[in-house]
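Reader: I am new to reading protein models. Could we go through this one by question and answer?

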Amino acid sequence: MTGPHEMFEAREGEQRLEQDPATMTADAGVVFIGRIASPWVTRENCPKNMRTARETGQPAVLTIDAPYRSGLQGLERASHVIILSWLHHAPRNLIVQKPRHAAEAKGVFGLRSPARPNPVGVHVARLVGLDIATGRIDIDAIDVLDGTPVIDIKPYFASTDAIAEATIEGREEPDRIRP
């Protein structure tokens, strides 16, 4: 398996933390509740966002571990779900990054990059199928590597989760937010 530092090459203008958060004593305990089976096995072929992932037409499957499966009760009511994942291949000490497409470096909290002190991924996916007994959740697409751990799942509520007027200065956005 490729390590986090080998997967993210250094670029001009980037800064790393003096101490890697991966080596620090944890403030909280996070447990993985399952794994994601995706078609993506390398960073190079993995879509950079959910819109691009959907455009490939490649579905994905979450498998929730047995102790957590009863927590899936009622999820079938949702058309879409929010998935929180642990981007385990990402370096945790990169605090200023220079994206390939950007003219200048930016702080990690102004980016959606997987490289961050706590590499938590946020994904909104369409729920295609759910089997509580096996912990299988079929979704329309995902933008993470195969084997990525799941840390939480929540139903998506368009009435409270979508903010139509949300913008990012200097970035063209579609007319409306689509999960």
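**A buried charge and its partner**

Author: At 14% relative accessibility, Asp140 counts as buried, because the limit for buried is under 20%. Keep in mind that this is a predicted model.

Reader: Which side chain meets Asp140 in a salt bridge?

Author: Asp140 sits in the loop between E8 and E9. Its partner is in helix H2, 86 residues apart from it, so the pair links distant parts of the chain. The N to O distance is 2.8 Å, and the partner is Arg54.

Reader: Is Arg54 buried or exposed, or in between?

Author: Buried means under 20% and exposed means over 50%. Arg54 has 26% relative accessibility, so the label is partly exposed.

Reader: How many salt bridges does the model have?

Author: One joins Arg54 and Asp140. Another joins Arg136 and Asp138, at 2.9 Å from N to O. Asp152 and Lys154 also meet, at 3.4 Å. The count comes to three.

Reader: What is the exposure class of Asp152 and of Lys154?

Author: Asp152 has 27% relative accessibility. Lys154 has a relative accessible area of 38%. Both values fall between the 20% and 50% limits, so each residue is partly exposed.

**The nonpolar core**

Reader: Which residues touch the most other members of the largest nonpolar core?

Author: Nonpolar side chains tend to be buried together in soluble globular proteins. Here the largest nonpolar core has 26 residues. The ones that touch the most other members are Ile83, Ile137, Ile139 and Ile153.

Reader: Which strand gives the most to this core?

Author: Several elements each supply at least two residues, including helix H2 (50-56), strand E4 (80-86) and strand E7 (120-131). Strand E3 (60-64) is on that list too. With three residues, the one that gives the most is E3.

Reader: Which isoleucines does Ile137 contact, leaving aside neighbours within four places in sequence?

Author: The contacts of Ile137 include Ala60, Val61, Leu62 and Leu72. Leu75, Leu127, Gly129 and Leu130 are also among them. The isoleucines in the list are Ile64 and Ile153.

Reader: How many residues are in the second, separate core?

Author: Its members include Ile82, Leu84, Trp86 and Tyr156. The number of residues in this core is five.

**Glu14 and the open sheet**

Reader: Which side chain of opposite charge is nearest to Glu14?

Author: Glu14 is found in the loop between helix H1 (4-7) and strand E1 (15-16). Glu14 is buried yet has no salt bridge. The nearest side chain of opposite charge is 4.1 Å away, and a salt bridge needs 4 Å or less. That side chain belongs to Arg11.

Reader: Which backbone nitrogens lie 3.0 Å from the side chain of Glu14?

Author: One belongs to Arg11, which the Glu14 side chain reaches at 3.0 Å. Another lies 3.0 Å from a polar atom of that side chain. Glu14 also touches Leu94, Val96 and Gln97, among others. The two nitrogens are those of Arg11 and Lys98.

Reader: Which strands stand at the edges of the open sheet?

Author: Three strands form this sheet in the order E1-E5-E6, with antiparallel pairing. An edge strand has a single partner, so one side is left without a neighbour in the sheet. The edge strands are E1 and E6.

Reader: What is the bridge partner of Gln97 in E6?

Author: Strand E5 (residues 94-97) runs antiparallel to E6. Two bridges join them. In E6, the partner of Gln97 is Lys106.

Conventions
Residues numbered from 1 in each chain as written. Predicted model: local features only at pLDDT ≥ 70, side-chain atom pairs only at ≥ 80, totals over all residues. Heavy atoms only, no water. Core = buried A, V, L, I, M, F, W, Y, C linked by side-chain atoms within 4.5 Å. Buried < 20%, exposed > 50% of the residue type's maximum accessible area, 1.4 Å probe, protein only. Helix = DSSP H or I, 4+ residues; strand = E, 2+ residues; numbered from the N terminus. Contact = heavy atoms within 4.5 Å. Lys, Arg positive; Asp, Glu negative; His and termini not counted. Polar contact = N/O pair within 3.5 Å; in protein donor to acceptor, adjacent residues only side chain to side chain. Pairing = 2+ DSSP bridges.
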